[in-house]
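Visitor: I would like a close look at a single part of this structure, taken slowly and with its surroundings in view. Please keep the account connected from one piece to the next.

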Amino acid sequence: MSVKVAMTVNGKPVSAEVEERTLLVSFIRENLRLTGTHVGCDTAQCGACTVILNGRAVKSCSILAMQAEGAEITTIEGVAYPDGRLHPMQQAFKDHHGLQCGFCTPGMVLNAIDFVQRNPNPTEKEIREALEGNLCRCTGYHNIVKSIAAGAAAMAAGK
Amino acid sequence: MNAPLIGARIARKEDYRFLTGAGQYTDDITLPNQSYAVFVRSPHAHARIRAVRTERARRAPGVLAVYTGEDVAAAKLGTLPCGWLITGVDGKPMKEPPYPVLAQDKVRFVGERVAVVVAESAALARDAAELVEVDYEPLPAVVDAAKARAPGAPVIHDLAPDNTCYLWALGDKAAVDAAFARAAHVTRLEFVNNRLVPNAIEPRAANAVYSRAEDSYTLYVANQNPHVERLLMTAFVMGLPEHKVRVVAPDVGGGFGSKIYLYAEDVVVSWAARQLGRPVKWTAERSESYLSDAHGRDHHTVAELALDKDGKFLALRVRTTANLGAYLSTFASAIPTILYATLLAGQYTTPHIHCEVTAVFTNTAPVDAYRGAGRPEATYVVERLVETAARELKMDPAELRRRNFITQFPYQTPVALIYDTGNYHATLDKAQKLADVAGYPERKKSSEAKGRRRGIGYACYIEACGIAPSAVAGSLGARAGLFEAGEVRVHPTGTVTVFTGSHSHGQGHETTFAQVVADRLGIPLENVDIVHGDTGKILFGMGTYGSRSIAVGGTAIMKALDKVIEKGRKIAAHLLEASEADVEYERGVYKVKGTDRQKTFGEIAFAAYVPHNYPHDKLEPGLNENAFYDPTNFTFPAGTYICEVEVDPETGKVTIERWTAVDDFGKVINPMIVEGQVHGGLVQGIGQALTESCRYGADGQLLTGSFLDYCIPRADDVPSFTVDTCETPCTHNPLGVKGCGEAGAIGAPAALMNAITDALGVKDLPMPATAETVWRALRAH
């Protein structure tokens with residue numbers, strides 16, 4: 001059975017006919033061709049598929065596209081400024097070498113932005129705990145933690 | 001003028017695309033008329049296939065084709081080759097059972113590919129795969145290497161009735177036995193180096209398209225060495241001419257060894273693309289990665305170290321049984337031999353070493369190189385033994401190491417390698433200082449005051465990187481060369497595109513290599529781009545593994561740069577009306593010595609492409625040079641890791657309180673990137689020692705088949721690190737570089753287990769030292 005879904009993604013209204021079983025991540029990757037949202041596992045552990053849905057970071061592999069009907073979604077493609085300058089959190093990841101292969105990076109950045117919005121001045125321990133649902137195999141997390149601390153400071157300073 | 005680029009912390013050129021979702025990984029590529037493949041995999045570890053019934057699947061909605069082992073056999077597709085021939089102690093070649101791309105008659109591990117369904121969407125292919133009925137006759141399975149060698153064990157391959165691939169040895173057994181006979185002390189350990197699953201966060205993927213018009217194939221694949229993939233696939237499996245196959249490894253989301261190999265899925269989608277005349281894409285689900293990516297490690301070892309009364313090492317005796325899994329993966333045979341036994345001298349002058357390796361087939365996924373590949377296993381043997389010996393002799397473990405350090409270079413080890421250079425005292429000194437070893441007793445007291453145990457552990461590792469001199473590798477059984485290729489294309493206005501046979505899947509080559517090029521040419525970094533990962537663009541390449549990229553690939557680029565500069569000198573001499581010998585090149589400018597006459601690099605490039613005033617009688621137009629570089633020796637990165645842990649005796653939980661890593665990678669091009677490589681390696685090594693273990697049930701079912709059951713470290717499992725370097729430049733490449741990609745994973749497990757056993761006051765503990773393992777050890781003690 002197919003069903004029509006409509007939502008706002010990165011500020012743009014989108015809609016499509018999809019199979020009912022279509023996951024939000026498949027809708028984003030395959031229907032919208034926004035391939036910055038990645039799939040790294042099949043058990044909702046890795047967080048590579050993280051998007052911001054109605055203001056909260058969620059794993060788009062764990063909900064159906066239908067469930068996001070009418071939602072406001074931000075994917076990694078919608079994070080930088082319209083003129084192409086990086087968001088302070090993206091810039092912090094670049095400055096502090098918070099990424100290597102880049103595969104977990106979109107999920108890390110989106111989760112970090114969501115976390116910092118709720119916890120603007122986090123300790124290292126809080127940052128590490130907040131990353132529980134995002135796996136990285138390259139960086140050993142050291143520079144991701146530094147990046148998020150720096151990104152938090154930059155966001156607080158309104159950069 | 002330009003700031004120095006070698007040694008500069010430069011933010012990566014590649015980051016913008018990864019940070020904005022513009023990376024292009026294999027699964028992101030969807031081609032016109034795309035179709036999708038799903039593999040039917042064996043649920044049995046060992047079974048005879050009586051029949052594969054595909055009729056229902058073929059009739060399912062959206063299905064384009066279903067292929068089985070019979071189909072690929074009828075098409076005469078070859079079996080997957082092994083790239084390294086090991087010759088046993090009996091002088092006979094290793095046993096090489098055929099590894100078909102789709103199972104023939106029998107399956108030998110859970111997850112082996114039995115059939116493939118191709119459909120209009122991945123979901124439809126998955127639905128139809130459920131409808132493929134395979135009639136299996138289950139056979140007894142064996143997963144443990146020792147049990148596989150026992151009489152009466154199930155026979156996995158007819159051509160290896162004892163399930164043994166080879167029995168191999170290195171070193172002088174008689175000399176070792178004699179040294180043990182006169183030893184004042186012998187330290188003995190028996191342990192398992194636990195099986196690991198590499199788990200790059202990007203699962204493997206392949207997308208193949210066949211062009212009838214060109215009679216050619218293009219394969220996009222998550223792979224670390226596209227030319228090797230192409231060579232193996234065309235020449236050994238599909239019987240295709242190489243010039244009709246283009247392999248593209250686009251952005252690749254981590255490899256750690258697991259994406260070196262030619263996998264069955266890559267062959268099957270390529271073949272199917274031609275059968276169907278449509279692009280065929282397959283992307284692994286994580287559960288398939290666990291089942292079918294090549295695993296790492298899985299050694300059982302008995303190791304003994306003989307010492308004299310002063311703590312000098314007399315001899316080392318090692319017996320290892322290596323589990324290779326059900327089939328030989330691409331480089332499987334070399335890992336527990338050539339990349340393992342040759343490293344057993346470590347940083348020490350141990351004069352006699354003998355190592356015997358028995359490699360065994362079992363009903364488990366194939367085992368091959370995983371970050372470090374043989375060297376973590378060797379380091380674990382040496383560094384656990386040394387630390388244990390120090391405790392038995394009541395000596396300071398650092399002091400025992402110092403007494404045995406190699407200090408004279410070049411140094412010929414008793415296990416074939418010649419270390420060109422090193423300074424092991426320097427890395428140990430610096431690590432001890434940074435780790436504040438002097439303050440350890442106080443910290444231990446304060447842990448004890450809280451009711452916690454505290455321990456400290458060292459590992460002084462060495463690795464052989466920059467693989468490899470092809471002739472040496474060839475004499476040891478390699479079936480491939482191990483050089484690297486690079487091409488420097490100077491454009492008419494003086495900007496540069498460099499094509500490298502190395503492949504970056506997180507290492508940051510687009511930045512590091514650009515630093516090397518811009519520094520050598522004296523041009524701005526932004527004028528240099530690095531291209532990799534496409535056999536259609538790059539002249540040749542052996543790819544990235546064994547921490548070889550900068551040492552071998554970087555040197556190939558340096559050689560090509562030398563040619564560019566030399567040709568430029570000839571052009572400059574002509575334009576400046578000077579003799580070549582009088583023209584110097586420095587910081588992007590050709591100058592006539594002792595004069596103010598000069599031409600910039602850009603002017604020379606322009607003259608090469610607009611050759612109006614040009615020495616046509618001596619030179620061709622254009623400025624484009626390539627070079628192949630075959631190293632003369634391995635490189636030998638080495639270092640000291642010091643780890644301090646606190647153990648909660650109530651729960652068994654281990655907390656890493658401090659970690660200091662001092663590595664000697666020779667010259668460092670970009671310290672920020674190098675530190676990142678160390679951090680990542682350390683956490684994979686910590687994962688092995690603390691959280692990760694691949695387990696099969698006795699029936700061959702994989703018990704750890706997801707991120708839920710197999711714990712790769714989370715951010716809150718690990719600490720921040722103190723990382724520093726010493727620089728003893730490599731003596732045989734122009735950059736003085738050694739390689740840094742694997743060090744962390746090589747040294748970390750031994751350092752961490754040394755710390756935990758120290759905290760617990762036990763001689764040994766199995767990896768991973770989970771809370772349960774530690775808790776039980778505390779209660780047994």
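Before we turn to that part, how many residues of chain B are in contact with chain A, and how many residues of chain A do they meet? After that, please stay with the sheet formed by strands 22, 23 and 24 of chain B, and with what packs around this sheet.

Guide: The model is a predicted one, and in it 42 residues of chain B are in contact with 44 residues of chain A. On the chain B side, the elements that give two or more residues are helix 1 (15–19), helix 9 (286–292) and helix 18 (671–690) of chain B, with helix 18 of chain B giving the most, at seven residues. Sorted by class, that side of chain B has 20 nonpolar, 14 polar and eight charged residues.

Now to the sheet itself, which is open and has three strands in the order 22-23-24 of chain B, with antiparallel pairing. Its edges are strand 22 (583–586) and strand 24 (598–600) of chain B, each of which pairs on one side only, and neighbouring strands are turned by 20° against each other on average, direction ignored.

Going along the chain, strand 22 and strand 23 of chain B pair in the antiparallel sense over four bridges, and B:Glu586 has B:Val589 in strand 23 of chain B as its bridge partner. These two strands form a hairpin with two residues between them, and in the turn B:Arg587 has a positive phi of about 45°. Strand 23 (residues 589–592) of chain B is then joined to strand 24 of chain B by three bridges, again antiparallel; here B:Tyr590 stands opposite B:Lys599, while B:Lys591 stands opposite B:Gln598. The hairpin of strand 23 and strand 24 of chain B has five residues between the strands, and B:Gly594 takes a positive phi near 70° in it.

Two helices accompany this sheet. Helix 16 (residues 549–576) of chain B packs on the sheet and touches strand 22, strand 23 and strand 24 of chain B, its direction making about 130° with that of strand 22 of chain B. Helix 17 (residues 601–609) of chain B lies across strand 23 and strand 24 of chain B, and runs at about 80° to strand 24 of chain B.

If we follow helix 16 of chain B back along the chain, the loop between strand 21 (528–532) and this helix holds B:Gly533. B:Gly533 counts as buried because 29 other C-beta atoms lie within 10 Å, where 20 or more are needed. Leaving aside neighbours within four places in sequence, B:Gly533 is in contact with B:Pro226, B:Val248, B:Ala249, B:Pro250 and B:His503. Of these, B:His503 is 30 residues apart from B:Gly533 in sequence, yet their C-alpha atoms are 5.6 Å apart in space.

For a wider setting, one may add helix 12 (residues 424–434) of chain B, in which B:Tyr424, B:Thr427, B:Leu428 and B:Ala431 are buried. These four cover an arc of only 95° around the axis, and therefore lie on the same side of helix 12 of chain B. The buried residues of this helix pack against helix 11 (397–404), strand 18 (453–462), strand 26 (638–647) and strand 27 (654–664) of chain B, and the helix is followed by B:Asp436, whose phi is positive, near 50°.

Methods: Residues are numbered from 1 along each chain as its sequence is written. Chains are lettered from A and ligands numbered from 1 in the order in which they are written. This is a predicted model: local features need pLDDT of at least 70, side-chain atom pairs count only at pLDDT 80 or more; totals for chains, interfaces and linings use all residues. Two residues are in contact if their C-beta atoms, placed from the backbone, lie within 7 Å. Ala, Val, Leu, Ile, Met, Phe, Trp, Tyr, Cys and Pro count as nonpolar, Asp, Glu, Lys and Arg as charged, and the others, Gly among them, as polar. Two strands pair if DSSP finds at least two bridges between them. Axes are lines fitted to C-alpha atoms, for helices over the stretch in contact, and angles run from 0 to 180 degrees between N-to-C directions. A residue is buried if 20 or more other C-beta atoms lie within 10 Å of its own, exposed if 12 or fewer, and partly exposed in between; C-beta atoms are placed from the backbone. The arc is that of the directions from the helix axis to the C-beta atoms.
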